[in-house]
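Let's take a walk through this model together, starting with its rings and ending with its empty spaces.

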Amino acid sequence: MGCFIKVPKKEEQESFDLARYTDAASLFDALAFTVDDLHPVRLVRMTWLLQQRGTVLKRRQELPEKAFVSADELRAVWEAGGRGGKDQVAPIVTISFCWDSREHPDPDGVQLNLVIDTLEKERRNYSTARDDFKGFSEMGIFWDWPSLLQGDPIKAEEARAAALRQGKTEEDAQEAADKAKRTPAEKAAFKHGLEETMDLWYAHQATTVLLLTQHPRERGSAREWGYDQSGWTTYERCSAEQIKRVSRFQENWTAVADLGQGARAEAAGRRWPVGPDEFDQLIEDRSFTNGADREAVKALFPACGCAPACRSWT
């Protein structure tokens with residue numbers, strides 16, 4: 001289990017604070033944090049997301065400000081809700097899913113509609129008071145596409161085309177595209193979001209995780225690798241199932257739900273944990289475009305020695 005959270009070095013263990021994964025304050029602090037005046041992570045407002053049925057979500061930089069809920073507002077929702085009651089749950093839902101294409105994770109809005117179906121069914125549970133849990137009037141949704149700073153595909157393609165016109169190789173052109181798709185500030189914030197916060201959204205005891213495990217081919221995607229064959233989703237699922245408590249005592253919803261092919265939030269249970277060696281083998285079995293891609297992926301979580309593979313098509 002330890003390989004799926006930031007495991008401290010032996011000499012650091014005495015000062016390691018497990019409250020990072022139990023105290024909701026660490027979640028709100030991560031949301032309030034900025035890098036070069038940019039929030040590495042923003043959460044989508046549930047009430048806004050519920051109005052997006054039938055659309056295709058735009059990347060974070062193209063969404064209106066009303067689409068997001070701030071750290072201060074979410075903290076206030078948590079306080080008003082009795083600080084999550086006996087289970088100390090936070091008003092945060094985390095989505096774990098496969099991207100359906102390199103350009104857009106959900107180009108037809110199929111997964112968006114599934115999430116909306118689920119949230120519509122679950123929102124009564126989220127808002128209903130039980131004993132010292134007073135209910136949440138709002139929820140924040142962590143979903144990487146609208147929550148992290150995504151690359152600009154137009155700028156990337158322009159840089160790639162310019163490099164090819166200059167006679168550079170396809171590999172060099174792709175490198176130019178990768179460099180152009182985010183500003184320096186966006187790159188710094190994106191890097192912080194990946195390296196310093198990803199463990200929180202999936203492993204923290206207070207978050208609720210929804211697993212969208214349907215194979216992309218069943219949605220009409222040409223993607224070869226499914227949920228169980230992808231490094232990122234393996235990391236996310238193990239973080240949630242092997243670290244979080246499965247059941248809650250007071251709140252009437254499960255901490256980790258496998259949506260499968262429908263909107264009914266079934267308890268995910270616990271699978272046999274994936275060890276570092278198995279995880280590395282999963283990545284070795286994947287087809288990466290070049291060694292640099294592989295090393296970049298492995299660098300995301302150096303503290304635990306395992307390397308979650310990018311769920312993109314590289």
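**Rings, charges and gaps**

Start at Phe249: the charged end of Lys86 sits over its ring, 5.0 Å from the centre. "Over a ring" here asks that NZ of Lys or CZ of Arg be within 6 Å of the ring centre and within 35 degrees of the ring normal. Arg182 does likewise with Phe190, lying over the face at 3.7 Å from the ring centre.

A quick word on the background: this is a predicted model, where local features need pLDDT of at least 70 and side-chain atom pairs pLDDT 80 or more, while totals for chains, interfaces and linings use all residues. Residues are numbered from 1 along each chain as its sequence is written, and side-chain values use heavy atoms, leaving out hydrogens and water.

Now for rings that meet rings. There are nine aromatic pairs in the structure (rings of Phe, Tyr and Trp, the last by its six-membered ring, with centres within 6.5 Å; planes under 30 degrees apart are stacked, over 60 edge-to-face, the rest tilted). One of them joins Phe142 and Tyr202 edge-to-face, 6.1 Å centre to centre with 90° between the planes. Phe142 counts as buried because its relative accessibility is 0% (buried means under 20% relative accessible area, exposed over 50%, partly exposed in between, with a 1.4 Å probe and protein chains only). Tyr202 is buried too, also at 0%. Elsewhere, Tyr126, Phe133, Phe136 and Trp253 make up one aromatic cluster.
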